[in-house]
Amino acid sequence: MNVFTERVIRIIQGIPAGNVMTYGQVAAAAGSPRGARQVVRILHSMSEKYQLPWHRIINAKGEISFTGGDQRELLEMEGIYFKNGKVDLTTYRWFPPDAAEG
């Protein structure tokens, strides 16, 4: 497994309940600011194996990108509120303590 993938997994595993991160934010914190699509691939292929809280990853607009799932329900069960279909990123966005270190 490459270093970026390991970092992405660690970052996503660390997101506390009731908080979210964006795909691009995870990628940047893992050391690849343009790697949002790689985050999507990692979530798709490794969420089950690594028990990733995939539902805590949303797009930069505060919207759910994955359709056909129960992501909104899972987030609401953690206390996250939606307004006009969006999560208020100023309220619920989480910043990993070591994000500056990549």
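In helix 4 of this predicted model, glutamate 76 and arginine 72 sit four residues apart, which means about one helical turn lies between them. An α-helix takes 3.6 residues to go round once, so residues three or four places apart point the same way. With that in mind, it is no puzzle that the side chains of glutamate 76 and arginine 72 meet in a salt bridge, with N and O 3.0 Å from each other. Side chains of opposite charge can pair up when their charged atoms come close. As for accessibility, glutamate 76 is partly exposed, at a relative accessible area of 39%, and arginine 72 is partly exposed too, at 37%.

Arginine 72 has other company as well. Leaving aside residues up to four places away in sequence, arginine 72 touches Ile64, Phe82 and Gly85. Then there is valine 87, which comes 15 residues away from arginine 72 along the chain; the C-alpha atoms of these two are separated by 9.7 Å.

How many salt bridges does the count come to? The answer is two. Besides the pair in helix 4, glutamate 78 forms a salt bridge with arginine 56, and here the closest N and O atoms are 2.7 Å apart. This pair ties together distant parts of the chain, as its members are 22 residues apart. Glutamate 78 belongs to the loop between helix 4 (71–77) and strand 3 (82–83), while arginine 56 belongs to the loop between helix 3 and strand 2. Is each partner buried or partly exposed? Glutamate 78 comes out as partly exposed, with a relative accessible area of 23%, whereas arginine 56 is buried, with a value of 11%.

Arginine 56 also turns up among the contacts of asparagine 19. Not counting residues up to four places away in sequence, asparagine 19 touches Arg56, Ile80, Tyr92, Arg93 and Trp94. Asparagine 19 has its place in the loop between helix 1 and strand 1 (21–22). Even though it is part of a loop, asparagine 19 is buried, with a relative accessible area of 18%; the cut-off for that label is 20%. Its side chain reaches the backbone oxygen of alanine 17 at a distance of 3.3 Å.

Next comes helix 3, which spans residues 36–46 and has Val39, Ile42, Leu43 and Met46 as its buried residues. Why do these four end up on the same side of helix 3? Because they cover an arc of only 105° around the axis. What do the buried residues of helix 3 pack against? Their partners are helix 1 (3–13), helix 2 (23–29) and strand 2 (57–58). Flip to the face turned away from the buried side, and there are the exposed residues Arg37 and His44.

Helix 3 matters for the largest pocket too. Rolling a probe the size of a water molecule over the atoms shows where empty space is left. In this model, the largest pocket holds about 250 Å³ of space. Which element gives the most to the lining of this pocket? That is helix 3, with three residues. The full lining is made up of Tyr23, Val40, Leu43, His44, Ser47, Trp54, Ile57, Ser65, Phe66 and Gln71. Two names on that list have come up before: Leu43, one of the buried residues of helix 3, and His44, which is exposed on the face turned away from the buried side.

Terms used:
Residues are numbered from 1 along each chain as its sequence is written. This is a predicted model: local features need pLDDT of at least 70, side-chain atom pairs count only at pLDDT 80 or more; totals for chains, interfaces and linings use all residues. Side-chain values use heavy atoms; hydrogens and water are left out. Buried means under 20% relative accessible area, exposed over 50%, partly exposed in between (1.4 Å probe, protein chains only). The arc is that of the directions from the helix axis to the C-beta atoms. Contact means heavy atoms within 4.5 Å. A salt bridge is a side-chain nitrogen of Lys or Arg within 4 Å of a carboxyl oxygen of Asp or Glu. A polar contact is a pair of N or O atoms within 3.5 Å; within protein, one must be able to donate a hydrogen and the other to accept it, and residues adjacent in sequence count only if both atoms are side-chain atoms. On a 1 Å grid over the protein atoms alone, a cavity is a set of points where a 1.4 Å probe fits but cannot get out, and a pocket is an open set with protein on both sides within 12 Å along at least five of seven lines; lining residues have an atom within 4 Å of a point. Grid points are joined across faces, edges and corners, and a volume is the space filled by probe spheres set on the points.
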